[in-house]
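Please open the model in your viewer and keep the selection panel at hand. The stops below go from the whole chain to individual side-chain pairs.

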Amino acid sequence: MKRDLAIYDMDQTITRVPTYTPFLIHVASRRSPWRLVFLPLVGASLLAYGLKLVDRARLKEINHRLLIGHTVSTGSLSPYLDSFAERVMRSNLRPGAREAIEADRAEGRMLVMATASYRFYSRRIGERLGFDHVIGTDHVEGADGAVCAVIAGENCYAAAKRQMVDAWIEEAGIVPGHLRFYSDHHSDGPMFDLADEPVAVNPDEKLAAMARANGWRVEDWG
């Protein structure tokens, strides 16, 4: 099946600010407010990441366990996934993202989100935006599909994101026609290399330099 694709990064591409830590705080403050006492430890884990003592994947696992818990049933977590997705829709979307998504849909493109954020919550955001598929970081499932604070496979970031997109394309039996890719961050270099039409959205400094060097389109989505 041949399809034209539009693949979007989520955090700071579709959204104005990152979603991961706000998601954890959103769940903790509503489900288990006592867990907010661990916020200083969240700060310490960010410092450890800055000092390269832990990688991104381990950072996610640590903060997930601190603010949500090691294992949480999907039933008890589901209302907070929905309320957070609604919060993102209300107050954390770049105006230009909606316009681009609607334009790609009008062109008949398959809409795909590829994000380093956990898929169990980014999928709720993708559904509200009308995406056909969401690729993201997966979690280990406990009994009855419970959400565990352990990453399953790879953190969907940098080269791993490209690998996961390639795997999805193969598994879905898609023959990409024209592939357009949007991101704000230079770590998505492997995905930009895959794209027929790379688009740098509100790019960081390194990505802006990459875009200038390669003649990629640069857009400001507000």
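Buried means under 20% relative accessible area, exposed means over 50%, and partly exposed lies in between, with a 1.4 Å probe and protein chains only. By that criterion, 49% of the 222 residues of the protein chain count as buried. The model is predicted, and local features need pLDDT of at least 70, side-chain atom pairs count only at pLDDT 80 or more, while totals for chains, interfaces and linings use all residues. Residues are numbered from 1 along each chain as its sequence is written, and side-chain values use heavy atoms, with hydrogens and water left out.

**Whole chain**

Select the protein chain and show it as a cartoon: nine helices and eight strands appear, where helices (H or I, at least four residues) and strands (E, at least two) are DSSP runs numbered from the N terminus. Along the principal axes, the C-alpha atoms fill a box of roughly 50 × 35 × 30 Å. The radius of gyration of the protein chain is 17 Å, which agrees with the value near 17 Å for a compact globule of 222 residues; the radius is taken over C-alpha atoms, and the globule rule is 2.2 Å times the number of residues to the power 0.38.

**First pair: Arg128 and Glu86**

A search of the whole structure finds 16 salt bridges, each being a side-chain nitrogen of Lys or Arg within 4 Å of a carboxyl oxygen of Asp or Glu. Select Arg128 and Glu86, whose side chains meet in a salt bridge at 2.7 Å, N to O. Because Arg128 lies in helix α6 (residues 119-129) and Glu86 in helix α4 (residues 74-91), the pair ties together parts that are 42 residues apart in sequence. Arg128 counts as partly exposed at 28% relative accessibility, and Glu86 is partly exposed as well, at 35%.

**Around Arg180**

Next, select Asp104 and Arg180, which form a salt bridge at 2.5 Å, N to O. Asp104 belongs to helix α5 (residues 95-106) and Arg180 to strand β6 (residues 175-183), so this pair ties together parts 76 residues apart in sequence. Both Asp104 and Arg180 are buried.

Now add Glu107, whose side chain meets that of Arg180 in a salt bridge at 3.3 Å, N to O. Which class does Glu107 fall into, buried or partly exposed? At 48% relative accessibility, Glu107 counts as partly exposed, whereas Arg180, at 9%, counts as buried. To finish, extend the selection to Asp104, Glu107, Arg109, Arg180, Glu197, Arg217 and Glu219, which salt bridges with shared partners join into one network.
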